[in-house]
Amino acid sequence: MEVVILGTSSAAPTVRRGLSSLALIREGETFLFDCGEGTQFRMLKAEIPRRKLHHIFITHLHGDHIFGLGGLLSSLNLSEREPPLHIHGPKGIKRFVDFMTTFPRPTKFGFEIHVHEIAPNTDGPIWETRDWIVYTAPLDHTIPAMGFRLQEKDLLGRFDSETADQLGVPFGPERGRLQRGESIVLSDGRTISPELVVGPPRPGKAFAYCTDTAYCGAAQRLSVGVDLLVHEATYGDAELELARDRKHSTIRQAATIARDAEAKAFVATHFSTRYEGPSLDVLAKEGREVYPSLMMAKDLMRIEL
Ligand SMILES: [Zn+2]
Ligand SMILES: [Zn+2]
């Protein structure tokens, strides 16, 4: 699993920072979280594969998180894409997508676009496949906003074919049954139990994305034990009041969520445009007092999980 940060600025872009967007790539499939203006350009720069982009998760309807959708949809259509695209987001996202795909007249898309509106205060799983589940929980922002957690399912243990050969396990369905945890009986009457040839299950990875939000319990719940948490950190300590009024987090609050949720890695992002250069270093220092290994997000930064 690899996470690529595509945009790290709050509200408006700066010379160095684009607007909120993040790509997650696993097993060749790309997931997009938020789609601020300029997202498709940075996807190109970061060489994010678009053919297998099947799901876009939108946290909330503020323009800095969605204004890149129109351009991206248009380019996907030009690229002769075929598989359906699922866009998940709060109530209202459908109206926005409908507008972009029908103005000034309906665009004919070569692929299906399914928009899934998530009811306010939804708390739980919203999409599940054989390999992963995405959960959401309501965050605390000036308009309905939701955090997401992508959880891989545990993988079966590794199959030790060398030992299986030595034990005389034939090639075929017997090996599959062992892998799924069943014992088998060989033709000579010996019973082979799965522990002999299959390693322990490998826990799936988890990723959480929490923006925009004031300090809130839901963000912490979504982030429990994740391999990587990306949480907004719009302000520093000096702007605590502003953070409260505008329903954003200070970096210290974000770091507290990461620490208390025992996130294995934490990236702070969505910085106010007032911070650049040395003032960003001050922000980093405040956050690291709580979560020492905190990483400050940069556009096009890549994190391997
Ligand atoms: Zn924002
Ligand atoms: Zn917002």
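Modeller: Two strands count as paired when DSSP finds at least two bridges between them. Keep that in mind as we walk through this structure, which is a predicted model. Our opening case is E4 and E5, which run parallel and are joined by three bridges. Within this pair, Ile 56 stands opposite Ile 87 in E5.

Biologist: Thanks, that helps! Before we go on with strands, how many helices and strands does the protein chain have?

Modeller: The protein chain has ten helices and 16 strands. Its C-alpha trace spans about 75 × 55 × 35 Å along the principal axes. Of its 305 residues, 41% are buried.

Biologist: And which domains does the assignment give?

Modeller: Domain 1 is written in two pieces, 2-154 and 203-304, while domain 2 covers 161-196. The centres of domain 1 and domain 2, taken over C-alpha atoms, are separated by 45 Å. There is also a point about sequence distance: among contacts in the protein chain with a separation of 6 or more, 64% are between residues 24 or more positions apart.

Biologist: Back to the strands, then. In what order do they lie in the sheet with E4 and E5?

Modeller: Reading across this open sheet of seven strands, the order is E6-E5-E4-E3-E2-E1-E16, and the pairing is mixed. Strand E6 (113-118) and E16 are at the edges; each has a single partner strand, so one side of each has no neighbour in the sheet. On average, neighbouring strands here are turned by 15° against each other, direction ignored. Helix H4 (residues 93-102) packs on the sheet, where it touches strand E5 (85-90) and E6, and its direction makes about 155° with that of E6.

Biologist: How does E16 join its partner, parallel or antiparallel?

Modeller: Strand E1 (residues 2-7) and E16 run antiparallel, with three bridges between them. To find one of these places in the model, look at Val 3, whose bridge partner in E16 is Ile 303.

Biologist: Now for E4 itself. Why is strand E4 described as largely enclosed?

Modeller: The general idea is to count neighbours: a residue is buried if 20 or more other C-beta atoms lie within 10 Å of its own. Strand E4 (residues 53-57) has four buried residues out of five, so the rest of the structure largely encloses it. E4 is also joined to strand E3 (residues 29-35) by four bridges, and those two run parallel. Phe 33 has Phe 57 as its bridge partner in E4. Between E3 and E4 the chain passes through helix H1 (residues 39-45), and this β-α-β crossover is right-handed.

Biologist: I'd like to see what lies inside. Which residues touch the most other members of the largest nonpolar core?

Modeller: In that core of 66 residues, they are Leu 22, Phe 207, Leu 229, Ala 258 and Phe 266. A second, separate core has six residues, including Ala 164, Leu 178, Ile 192 and Val 198. As for Leu 22, its contacts beyond four places in sequence are Val 3, Ile 5, Leu 6, Phe 33, Asp 34, Tyr 209 and Val 230.

Biologist: Phe 207 was on that list too. What is the bridge partnership of Phe 207?

Modeller: Phe 207, in E12, is the bridge partner of Leu 150. Strand E9 (residues 146-152) and strand E12 (residues 206-210) are antiparallel and share four bridges. Both appear in another open sheet of seven strands, ordered E7-E8-E9-E12-E13-E14-E15 with mixed pairing. Its edge strands are strand E7 (124-128) and E15, each pairing on one side only.

Biologist: Which helix lies across E13 and E14?

Modeller: That is H9, which runs at about 155° to E13. Helix H9 (residues 251-260) is mostly covered, with seven of its ten residues buried. Among those buried residues are Ile 251, Arg 252 and Ala 258. Their cover includes helix H7 (217-223), strand E13 (228-232), strand E14 (266-269) and helix H10 (278-288). After H9 comes Glu 262, which has a positive phi near 55°.

Biologist: One last residue: why does Leu 300 count as partly exposed?

Modeller: Leu 300 counts as partly exposed because it has 13 C-beta neighbours inside 10 Å. Leu 300 sits in the loop between strand E15 (295-296) and strand E16 (302-304). Beyond four places in sequence, Leu 300 is in contact with Val 4, Ile 5, Arg 42, Lys 45 and Ala 46. From Leu 300 to Leu 22 there are 278 residues in sequence, yet 9.1 Å in space, C-alpha to C-alpha.

Note on methods
Residues are numbered from 1 along each chain as its sequence is written. Chains are lettered from A and ligands numbered from 1 in the order in which they are written. This is a predicted model: local features need pLDDT of at least 70, side-chain atom pairs count only at pLDDT 80 or more; totals for chains, interfaces and linings use all residues. A residue is buried if 20 or more other C-beta atoms lie within 10 Å of its own, exposed if 12 or fewer, and partly exposed in between; C-beta atoms are placed from the backbone. Two residues are in contact if their C-beta atoms, placed from the backbone, lie within 7 Å. Domain bounds come from an automatic or database domain assignment. A nonpolar core is a set of buried Ala, Val, Leu, Ile, Met, Phe, Trp, Tyr and Cys residues joined through C-beta atoms within 7 Å. Axes are lines fitted to C-alpha atoms, for helices over the stretch in contact, and angles run from 0 to 180 degrees between N-to-C directions. A crossover is right-handed if, with the strands pointing away from the viewer, the path from the first strand over the helix to the second runs clockwise.
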